[in-house]
Amino acid sequence: VYPASLTKLLTAYTSLQYINIDTVFTVGTEQQLVQPNSSLCLIKEGHQLTLYDLICGMLMKSGNDAAYTIAVNTARLISNQEMTDAEAVYFFCELMNQTAKQIGMKDSNFCNPDGWDNPNHYTTVNDLLKLTLCIYSNDDIRSIVSQPEKHVIFESGQNITWKNTNLLLDHS
């Protein structure tokens with residue numbers, strides 16, 4: 001099956017395996033890789049946010065824009081190489097696939113950080129269960145996805161409030 005936005009759970013978990021949650025990332029030209037009609041958390045080129053805040057935007061608002069910023073910045077930081085945006089996404093997806101195997105996902109392949117449908121981007125229900133159990137054991141991710149709303153002040157000065165798209169958290 002296509003994992004769709006559940007992919008973002010693996011994107012978050014993978015990035016946290018390599019990068020400190022307080023690391024500041026700058027949104028860049030990777031935004032051009034985001035598919036039209038994607039769900040967004042409304043970050044823009046030049047904004048600076050911590051990895052924590054980007055994960056909030058990615059998981060609370062299902063922000064494909066945040067997923068690409070996380071992937072590209074993580075890849076460049078850990079590879080310590082100059083690479084195009086597309087090369088960085090490919091590098092990060094290889095890390096995602098390694099991470100998936102490490103947590104016991106045997107029948108999955110990931111080729112983008114946001115879950116956009118692609119014949120080479122797939123998983124099984126059994127593998128999704130393994131991912132979910134892994135994610136549930138991560139305090140940072142569990143805390144982020146349980147927030148109904150978050151006001152964020154970017155390192156670059158802008159601010160935004162994200163309301164979680166998980167309707168189970170809507171107490172109104």
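Contact here means heavy atoms within 4.5 Å. Keep that definition at hand as you go through the views below. The structure is a predicted model, in which local features need pLDDT of at least 70 and side-chain atom pairs count only at pLDDT 80 or more, while totals for chains, interfaces and linings use all residues. Residues are numbered from 1 along each chain as its sequence is written, and side-chain values use heavy atoms, with hydrogens and water left out.

**View 1. Tyr52 and its partners in contact.**
Let us start in helix 2, residues 51–60, where Tyr52 sits. Helices (H or I, at least four residues) and strands (E, at least two) are DSSP runs, numbered from the N terminus. Apart from neighbours within four places in sequence, Tyr52 is in contact with Ile21, Ile144, Gln147 and Lys150. Tyr52 and Ile141 are 89 residues apart along the chain, and their C-alpha atoms are separated by 9.1 Å. Is Tyr52 buried, partly exposed or exposed? With a relative accessible area of 21%, Tyr52 is partly exposed, because buried means under 20% relative accessible area, exposed means over 50%, and partly exposed lies in between (1.4 Å probe, protein chains only).

**View 2. The whole protein chain, for orientation.**
Step back for a moment to see the full set of elements. The protein chain has six helices and four strands, and from the N terminus on they run α-β-β-α-α-α-α-α-β-β. The C-alpha atoms fill a box of roughly 45 × 40 × 30 Å, taken along the principal axes. A compact globule of 172 residues would have a radius of gyration near 16 Å, and the 15 Å of the protein chain agrees with this. That radius is taken over C-alpha atoms, and the globule rule is 2.2 Å times the number of residues to the power 0.38. Buried residues make up 50% of the 172 residues. Of the contacts with a separation of 6 or more, 61% come from residues 24 or more positions apart.

**View 3. Lys8 in helix 1.**
Here we look at Lys8, which belongs to helix 1 (residues 7–18). Lys8 counts as buried because its relative accessibility is 1%. What does the side chain of Lys8 join in a polar contact of 2.9 Å? The partner is the side chain of Ser5. A polar contact is a pair of N or O atoms within 3.5 Å; within protein, one must be able to donate a hydrogen and the other to accept it, and residues adjacent in sequence count only if both atoms are side-chain atoms. Not counting residues up to four places away in sequence, Lys8 touches several others, including Ser39, Met58, Pro113 and Asp114. The C-alpha atoms of Lys8 and Pro36 are separated by 18 Å, with their positions 28 residues apart along the chain.

**View 4. Asp85 in helix 4.**
Next comes Asp85, placed in helix 4 (residues 85–102). At 15% relative accessibility, Asp85 counts as buried. Its side chain makes a polar contact of 2.6 Å with the side chain of Thr29. Thr29 also appears among the residues that Asp85 touches, together with Glu30, Leu33, Val72 and Arg76, when residues up to four places away in sequence are not counted.

**View 5. Asn97, also in helix 4.**
Stay in helix 4 to find Asn97. Asn97 is buried, with a relative accessible area of 10%. Where does the side chain of Asn97 reach at 2.8 Å? It reaches the backbone nitrogen of Phe110. Leaving aside neighbours within four places in sequence, Asn97 is in contact with Phe110, Ser108 and Asn109.

**View 6. Cys111 in a loop.**
Cys111 lies in the loop between helix 4 and helix 5 (125–136). Its relative accessibility of 28% makes Cys111 partly exposed. Cys111 touches Cys93, Asn118, Asn120 and His121, not counting residues up to four places away in sequence. The C-alpha atoms of Cys111 and Gln158, 47 residues apart along the chain, are separated by 31 Å.

**View 7. Asn37 and Asn80, two loop residues with positive phi.**
Asn37 is in the loop between strand 1 (24–26) and strand 2 (48–50). Although Asn37 is not a glycine, its phi is positive, at about 65 degrees. Asn37 is exposed, with a relative accessible area of 80%. Asn80 is in the loop between helix 3 (64–79) and helix 4. Phi of Asn80, also a residue other than glycine, is near 55 degrees. At 71% relative accessibility, Asn80 counts as exposed.
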